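Work through the exercises below with the model open. Try each task before reading its solution.

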Amino acid sequence: NGGALMAMLPFFKYRCGGRWGSGRQWFSWIQIHDLLDAIKYVMDHSEIEGAMNFCAPQPVRNNDFAQALARQLNRPAFFRVPAVLMRMAAGELGDLALFSQRGYPKKLLTAGFTFKYPDIDSALSVSV
């Protein structure tokens, strides 16, 4: 009931969705069921230690995320929210949304965790 997806949905539902800034920044994500399963997996496997990335194995660029969400909702995604507007409207959160982060769950995958929703299309099909 939160996160970036919930902030984006109204804009897409009203046909005003699209990329943020250049759209080229990497966007790491994880479907909520995979997140909960991964946390349980780590708790059940005491041999897994240290910091790890709880994110899906297939990060996408912001523009690709916007296109996938638009496909799922059967809406267009041709609008672009300029970076300056993101920063003005959302302040620090705007900066975070524009920051490029290409996370990869190497430790989870090495430990044998299997994602139910490894790609953005499968994740969005059960999330929106």
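**Exercise 1. Backbone outliers in loops**

This is a predicted model. Locate arginine 15, give its phi, and classify its exposure.

Solution. Start with the place: arginine 15 sits in the loop between α1 and β1 (18–20). Next, read the backbone: its phi is near 65 degrees, a positive value in a residue other than glycine. Last, the exposure: relative accessibility is 47%, so arginine 15 is partly exposed.

Now do the same for asparagine 74.

Solution. Asparagine 74 lies in the loop between α3 and β4 (79–81). Its phi is near 55 degrees, again positive in a residue other than glycine. The relative accessible area is 64%; the cut-off for exposed is over 50%. Asparagine 74 is therefore exposed.

**Exercise 2. A helix pair**

Describe how helix α1 and helix α3 pack: at what angle, and how far apart are their axes?

Solution. Take the boundaries first: α1 covers residues 3–13 and α3 covers residues 62–73. The angle between them is about 60 degrees, and the axes are 11 Å apart. Roughly perpendicular would need 65 to 115 degrees, and roughly parallel an angle under 35. The two helices are therefore oblique to each other. The crossing of α1 and α3 is right-handed.

Then list the residues. From α1 come Leu5, Met8, Leu9, Phe12 and Lys13. From α3 come Phe65, Ala66, Leu69, Ala70 and Leu73. Sort the residues of this contact by type: nine are nonpolar, none is polar and one is charged.

**Exercise 3. A loop phenylalanine**

Is phenylalanine 113 buried or exposed, and which residues does it contact beyond its neighbours within four places in sequence?

Solution. Phenylalanine 113 is in the loop between α6 (106–110) and α7 (120–125). Its relative accessible area is 6%. Buried means under 20%, so phenylalanine 113 is buried. Leaving aside the neighbours within four places, its contacts are Asp34, Asp37, Ala38, Tyr41 and Leu108. Check one of these by C-alpha distance: phenylalanine 113 and alanine 38 are 75 residues apart along the chain, yet their C-alpha atoms are separated by 7.0 Å.

**Exercise 4. Cysteines**

How many disulfides does the structure hold? Classify cysteine 16 and cysteine 55 by exposure.

Solution. The disulfide count is zero. Cysteine 16 has a relative accessible area of 38%, so it is partly exposed. Cysteine 55 has a relative accessible area of 7%, so it is buried.

Notes
Residues numbered from 1 in each chain as written. Predicted model: local features only at pLDDT ≥ 70, side-chain atom pairs only at ≥ 80, totals over all residues. Heavy atoms only, no water. Disulfide = S-S within 2.5 Å. Buried < 20%, exposed > 50% of the residue type's maximum accessible area, 1.4 Å probe, protein only. Axes fitted to C-alpha atoms, helices over the stretch in contact; angles between N-to-C directions. Helix = DSSP H or I, 4+ residues; strand = E, 2+ residues; numbered from the N terminus. Parallel < 35°, antiparallel > 145°, perpendicular 65-115°, else oblique. Left-handed = near helix turned anticlockwise from the far one by under 90°. Contact = heavy atoms within 4.5 Å. Nonpolar A, V, L, I, M, F, W, Y, C, P; charged D, E, K, R; others polar.
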